[in-house]
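Please open the structure in your viewer and keep the selection panel at hand. The tour proceeds from one selection to the next and states what is found at each stop.

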Amino acid sequence: MHFTINGTLYQVEVDNRVSLLDLLREHLALTGSKKGCDHGQCGACTILINGRRINSCLSLAVMHQDDDITTIEGLGSPEDLHPLQAAFVSHDGYQCGYCTPGQICSAVGMLDELKKGWPSHVSPSLRDVDLNDDEISERMSGNICRCSAYPNIVDAIRDVAAAQA
Amino acid sequence: MKSFVYEKATSPQDAVRFVGNGAKFIAGGTNLLDLMKLQIETPETLVDISRLNLDRIEDTDAGGLLIGALVPNSDLAADARVRERYEVLSRALLAGASGQLRNKATTGGNLLQRTRCYYFYDTAMACNKRVPGSGCSAIGGYTRILAVLGTSAACIATHPGDMPVAMRALDATIVTLKADGDRRRISIHDFYRLPGDTPHIETGLEPGELITHVELPPPPPGRQLYRKVRDRASYAFALVSVAGVVSVENGIIASACLAFGGLGPMPWRDTSVEALLLGHAPSDALFAQAADALLASAKGQGANDFKIPLTKRTLIASLRELTA
């Protein structure tokens with residue numbers, strides 16, 4: 001099997017049962033993506049496939065050959081942070097940090113969905129979508145933070161969304 | 001997870017040729033893999049249909065939409081035609097799951113989503129749906145999320161979906177390809193099965209039959225709404241939900257399509273409830289009468305008794321909004 005992850009081509013042999021998350025963490029030592037519930041409920045494993053956010057725990061690696069996979073390691077580096085990484089730092093958008101890679105990957109995908117004009121459950125109209133705090137909370141509801149850093153996470157995402165707008 | 005043989009289908013015809021005992025199709029996988037990790041599902045073969053050419057939404061000659069089975073929930077909810085003409089469907093999709101799951105979960109898979117009954121998920125418990133003939137630990141157990149309509153002595157599980165509820169209100173048709181190569185069109189009203197004494201059989205699909213499309217007729221006239229009541233504001237299954245399309249002409253209800261989630265083992269629709277509304281001026285008394293008709297045979301199990309008055313209030317509120 002070969003996979004393009006963060007722009008690098010990897011060639012690996014994997015069992016059919018290996019999830020995309022276990023491929024990243026256990027086979028390729030890309031441990032930024034975290035395993036929380038392993039059942040698609042917590043969002044800690046969120047990564048981007050062809051630019052779309054998904055739960056990597058609920059996906060088989062064998063089904064993603066040739067897909068363009070981006071993990072937290074591919075978004076930025078300690079010397080060159082992605083704007084969302086920088087915003088999470090400046091707004092203190094975490095306590096323990098375990099959910100943070102998933103939160104940031106999810107926010108990257110979410111802002112892209114917003115750019116495409118996708119509505120959400122809380123959008124008053126399905127036609128025009130404005131980003132406000134209710135929209136951020138609704139759109140990020142697939143990412144749980146047990147430390148409950150939600151107010152600062154919303155602040156970080158709002159800042160980046162405003163800068164992109 | 002039990003080991004399995006992995007096959008990648010290159011066409012729908014290729015996919016159905018893998019029929020056999022213990023073969024399952026996998027597309028988004030968000031429900032199936034969850035269940036495989038718990039060994040509730042233990043397919044011997046997984047047929048990967050995720051790369052098939054079934055991911056488009058096309059206009060039909062009749063003025064409706066033909067939705068490929070692999071269209072992700074996100075894309076269906078965001079499609080301009082769905083947003084414009086089938087708001088109830090967009091709203092139902094957006095009320096379900098999370099952004100990540102909607103990006104992966106497909107239209108066909110969503111129709112086949114399994115129950116979230118606690119006892120189905122707990123392999124230490126008896127469950128006729130999981131292990132036919134083993135009994136039902138839910139009956140007499142904790143039932144908060146379980147069904148009040150359409151139950152049997154063998155099973156009180158609820159269908160968990162939102163999208164299929166909207167599709168029942170919209171009279172969708174499910175298009176399939178059978179193992180013998182024949183195509184079949186099944187009305188969504190005939191698609192799901194009541195549990196009876198075989199709750200492990202949830203639909204009329206034959207072994208190896210593949211959902212290829214869902215066809216929507218032109219939208220019924222009137223306002224559309226999807227109202228979902230749940231234990232938290234986002235990312236939770238419905239306790240009760242209402243998908244409604246209602247038109248009012250000259251102060252009189254001219255048409256009504258109503259379907260319900262969270263109440264029964266399938267997305268629920270009862271046309272006698274709609275018939276009660278037709279030809280009458282909207283009023284709370286009329287709406288209450290419709291709700292009483294819907295719930296006439298409802299049976300609570302204790303912890304879910306609250307669903308009966310909750311459904312009545314939710315339906316009245318929905319009908320007020322639809323006829324305002």
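Begin by selecting P218(B) together with A62(B), G63(B), G64(B) and Y86(B): leaving aside neighbours within four places in sequence, these are the residues with which P218(B) is in contact, where contact means heavy atoms within 4.5 Å. P218(B) is found in the loop between β8 (210-216) and β9 (223-229) of chain B. Helices (H or I, at least four residues) and strands (E, at least two) are DSSP runs, numbered from the N terminus. Next, add L65(B) to the selection; 153 residues separate L65(B) and P218(B) in sequence, yet their C-alpha atoms are 7.6 Å apart in space. P218(B) is partly exposed, with a relative accessible area of 40%. Here buried means under 20% relative accessible area, exposed over 50%, and partly exposed in between (1.4 Å probe, protein chains only).

A note on the model is in order before the next stop. This is a predicted model, in which local features need pLDDT of at least 70 and side-chain atom pairs count only at pLDDT 80 or more, while totals for chains, interfaces and linings use all residues. Residues are numbered from 1 along each chain as its sequence is written, chains are lettered from A and ligands numbered from 1 in the order in which they are written, and side-chain values use heavy atoms, with hydrogens and water left out.

**Chain B as a whole**

Now select all of chain B, which has 13 helices and twelve strands. The C-alpha atoms of chain B fill a box of roughly 60 × 50 × 35 Å along the principal axes. How does the radius of gyration of chain B agree with that of a compact globule? For 324 residues such a globule would have a value near 20 Å, and chain B, at 19 Å, agrees with this. The radius is taken over C-alpha atoms, and the globule rule is 2.2 Å times the number of residues to the power 0.38.

Of the 324 residues of chain B, 58% count as buried. Among its contacts between residues at least 6 apart in sequence, 62% join residues at least 24 apart. The accessible surface of chain B comes to about 12,300 Å², and 50% of this belongs to carbon and sulfur atoms. Such areas come from the Shrake-Rupley method with a 1.4 Å probe; for residues, only the protein chains shown count as cover.

Restrict the selection to residues 1-221 of chain B, which UniProt lists, in an unreviewed entry, for "domain: FAD-binding PCMH-type". UniProt positions are given in the numbering used here, feature names are shortened, and annotations may be inferred rather than shown by experiment. Over residues 1-221 the chain is 26% helix and 16% strand, and the end C-alpha atoms are 48 Å apart.

Within this range, select Q39(B), in the loop between α2 (32-37) and β3 (45-48) of chain B. Most residues other than glycine have a negative phi. Q39(B) is not a glycine, but its phi is positive, about 60 degrees. Q39(B) is partly exposed, with a relative accessible area of 39%.

**Chain A**

Turn to chain A, where there are six helices and five strands. The radius of gyration of chain A is 16 Å, close to the 15 Å that the globule rule gives for 165 residues, so chain A is as compact as a globular protein of that length. From the N terminus on, its elements run β-β-α-β-β-β-α-α-α-α-α. Buried residues make up 53% of the 165 residues in chain A.

Select helix α1 (residues 20-27) of chain A, in which L20(A), L21(A), D22(A), L23(A) and L24(A) are buried. The buried residues of α1(A) pack against β1 (2-5), β3 (46-49), β4 (52-55) and β5 (68-70) of chain A. After the helix comes A29(A), with a positive phi near 55 degrees.

The loop between β4 and β5 of chain A holds the last two stops. Is S56(A), found in this loop, buried or exposed? S56(A) counts as buried, at 0% relative accessibility. Not counting residues up to four places away in sequence, S56(A) touches S19(A), L20(A), L21(A), C45(A) and I47(A). Finally, select D66(A), which also has its place in the loop between β4 and β5. D66(A) is exposed, with a relative accessible area of 55%, and its phi is positive, near 75 degrees.
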